[in-house]
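Hi everyone, thanks for coming. I'd like to walk you through a structure today, so please have a look at it with me.

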Amino acid sequence: MISKIVSKLHERKIKIAQTRELELNTNSSFDEAVLSWMAPEFIRYQRGIVWKITVAVIAAALVVFGYFYDAWTFSLAVIVFAIVYGMVNRKEPKEIKVVVSEMGIKAGYRKYPYSLIKDFCIVYEPPYASELHMRVSNDLAHEIVIQLWGQHPAELRNYLLKESENEEY
């Protein structure tokens with residue numbers, strides 16, 4: 001029984017990977033670039049030893065608090081949260097290709113047609129921030145952040161204002 005479930009999950013994972021590979025290798029009108037650049041998927045912030053010790057002490061205090069007040073589910077939730085947080089933050093950002101085309105914006109394998117972009121904002125404060133923020137509808141993530149590494153922000157802003165019927169926020 002368990003081997004069947006594992007087999008089905010493995011087959012599903014392979015099918016998803018094949019679909020993604022097909023999407024990446026199939027050219028569409030999103031790939032006809034007006035502007036394009038390579039950028040990290042997200043910015044990974046370096047946490048110092050003081051931050052790590054502080055978080056560990058707070059988590060341990062919350063677990064002890066839950067134990068003494070007979071709130072074992074709270075303690076369990078804190079432990080699970082700490083484990084998940086640690087697993088998620090181990091992930092290194094991948095370099096993705098960002099393409100701005102006449103159809104919309106493609107970041108990695110995600111495509112955002114102009115019709116789904118409600119509004120956008122460019123944050124440009126070198127050397128600290130150079131980002132495109134987009135509010136999109138029909139997406140789980142309400143605000144998408146794309147790094148502008150090396151892309152001229154004024155050129156991108158002018159093109160997006162021209163293509164998008166929406167205003168900058």
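I'll talk about the aromatic pairs, then the salt bridges, then the largest pocket.

Please keep in mind that this is a predicted model.

Let's begin with the rings. Searching the whole structure turns up 5 aromatic pairs. Take tryptophan 51 and tyrosine 85: their ring centres are 6.2 Å apart and their planes meet at 40°, so this pair is tilted. Tryptophan 51 sits in helix H2 and tyrosine 85 in helix H3, so the pair ties together parts that are 34 residues apart in sequence. Both residues are partly exposed, tryptophan 51 at 34% relative accessibility and tyrosine 85 at 32%. Trp51 and Tyr85 also belong to one aromatic cluster with Phe81. And tryptophan 51 has another partner: arginine 47 lies over the face of its ring, 4.7 Å from the ring centre.

On to the charges. How many salt bridges does a search of the whole structure find? There are 3. In one of them, lysine 91 pairs with glutamate 41, with the closest N and O atoms 3.9 Å apart. Lysine 91 is in the loop between H3 and E2, while glutamate 41 is in the loop between E1 and H2, so the bridge ties together parts 50 residues apart in sequence.

Another salt bridge joins glutamate 92 to arginine 44, and here the closest N and O atoms are 2.2 Å apart. Glutamate 92 lies in the loop between H3 and E2 and arginine 44 in the loop between E1 and H2, so this pair ties together parts 48 residues apart in sequence. Glutamate 92 is exposed, at 51%, whereas arginine 44 is partly exposed, at 34%.

Then there is arginine 135 with aspartate 119, at 3.5 Å between the closest N and O atoms. Arginine 135 belongs to strand E6 and aspartate 119 to strand E5, so the pair ties together parts 16 residues apart in sequence. Arginine 135 is partly exposed, at 29%, but aspartate 119 is buried, at 14%.

Finally, the largest pocket, which has a volume of about 1,200 Å³. Its lining has 42 residues, and those nearest the centre are Phe42, Val88, Asn89, Arg90 and our salt-bridge residue Lys91. Which element gives the most to this lining? That would be H2, with 7 residues. As for character, the lining divides into 25 nonpolar, 5 polar and 12 charged residues.

That's my tour, thanks for listening!

How values were computed:
Residues are numbered from 1 along each chain as its sequence is written. This is a predicted model: local features need pLDDT of at least 70, side-chain atom pairs count only at pLDDT 80 or more; totals for chains, interfaces and linings use all residues. Side-chain values use heavy atoms; hydrogens and water are left out. Rings of Phe, Tyr and Trp (its six-membered ring) pair if their centres lie within 6.5 Å; planes under 30 degrees apart count as stacked, over 60 as edge-to-face and the rest as tilted. Helices (H or I, at least four residues) and strands (E, at least two) are DSSP runs, numbered from the N terminus. Buried means under 20% relative accessible area, exposed over 50%, partly exposed in between (1.4 Å probe, protein chains only). A charge sits over a ring if NZ of Lys or CZ of Arg is within 6 Å of the ring centre and within 35 degrees of the ring normal. On a 1 Å grid over the protein atoms alone, a cavity is a set of points where a 1.4 Å probe fits but cannot get out, and a pocket is an open set with protein on both sides within 12 Å along at least five of seven lines; lining residues have an atom within 4 Å of a point. Grid points are joined across faces, edges and corners, and a volume is the space filled by probe spheres set on the points. Ala, Val, Leu, Ile, Met, Phe, Trp, Tyr, Cys and Pro count as nonpolar, Asp, Glu, Lys and Arg as charged, and the others, Gly among them, as polar. A salt bridge is a side-chain nitrogen of Lys or Arg within 4 Å of a carboxyl oxygen of Asp or Glu.
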